[in-house]
Amino acid sequence: MSNPCIKCGKQRIDGKSWKEKSGNSTIFYTKTICPDSACQKLLDQETADRIAKNELILKNKAEAKLAREKLLASN
Ligand SMILES: [Zn+2]
């Protein structure tokens, strides 16, 4: 199974693994990381940025929805 790093193309390696309970079953997760720690650090940063951006978009959407509802309620 090939799982190259999207940044540098090196074969990604297994990093952290953990298990989570989902109902009656336990699901095992393995996070793959880039063997190049500097590259992985950049990837982590980009992931964090992307999550923050998504949260901001969701927040703005929620606020826009609230504003719209307020406007409708005032009419
Ligand atoms: Zn990499």
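These are my notebook entries on one protein chain, which I looked up in a predicted model.

**Entry 1: the overall plan**

I began by listing the elements of the protein chain, and I found 1 helix and 2 strands. Reading from the N terminus on, I wrote their order down as β-β-α. I then looked up how spread out the chain is, and the radius of gyration came to 20 Å, well over the 11 Å that the globule rule gives for 75 residues, so the chain is more spread out than a compact globule. For the outer dimensions I noted that the C-alpha atoms fill a box of roughly 60 × 35 × 20 Å, taken along the principal axes. I also checked burial over the whole chain, where buried residues make up 3% of the 75 residues. Last in this entry come the contacts: of those with a separation of 6 or more, 30% are accounted for by residues 24 or more positions apart.

**Entry 2: the two strands**

Next I turned to β1, which covers residues 13-22, and to β2, which covers residues 25-33. In which sense do β1 and β2 pair, and over how many bridges? I found that they pair in the antiparallel sense, over 8 bridges. I followed two of these links by hand: Lys19 has Phe28 in β2 as its bridge partner, and Ser17 has Thr30 in β2 as its bridge partner.

I then looked at the turn of this hairpin, where 2 residues lie between the strands, and there Gly23 takes a positive phi near 65°. As a reminder to myself, I wrote that in a regular strand the side chains alternate between the two faces of the sheet.

Are the strands buried or in the open? Of the 10 residues of β1, the number buried is 0, so this strand lies largely in the open. For β2, I counted 0 buried among its 9 residues, so β2 too lies largely in the open.

**Entry 3: the helix**

Helix α1 takes up residues 37-74, which makes 38 residues. From its first C-alpha to its last I read a reach of 55 Å, close to the 56 Å expected at 1.5 Å a residue. When I asked about burial, the number of buried residues in α1 was 0 out of 38, so the helix lies largely in the open.

**Entry 4: three residues of the helix**

I picked out Arg50, Leu56 and Ile57 for a closer look, and looked up where each one sits.

Arg50 is found in helix α1, and with 10 other C-beta atoms within 10 Å it is exposed, because a residue counts as exposed at 12 or fewer. Arg50 and Asn60 are 10 residues apart along the chain, and their C-alpha atoms are separated by 15 Å.

Leu56 also has its place in helix α1, and it is exposed, with 10 other C-beta atoms within 10 Å. From Leu56 I went to Tyr29, which is 27 residues away along the chain, and found 27 Å between their C-alpha atoms.

Ile57 is in helix α1, and it counts as exposed, having 10 C-beta neighbours inside 10 Å. My final check paired Ile57 with Thr30, which lie 27 residues apart in sequence and 29 Å apart in space, C-alpha to C-alpha.

Terms used. Residues numbered from 1 in each chain as written. Predicted model: local features only at pLDDT ≥ 70, side-chain atom pairs only at ≥ 80, totals over all residues. Helix = DSSP H or I, 4+ residues; strand = E, 2+ residues; numbered from the N terminus. Expected span 1.5 Å × (residues − 1). Buried ≥ 20, exposed ≤ 12 C-beta atoms within 10 Å, placed from the backbone. Rg over C-alpha atoms; globule rule 2.2 N^0.38 Å. Contact = placed C-beta atoms within 7 Å. Pairing = 2+ DSSP bridges.
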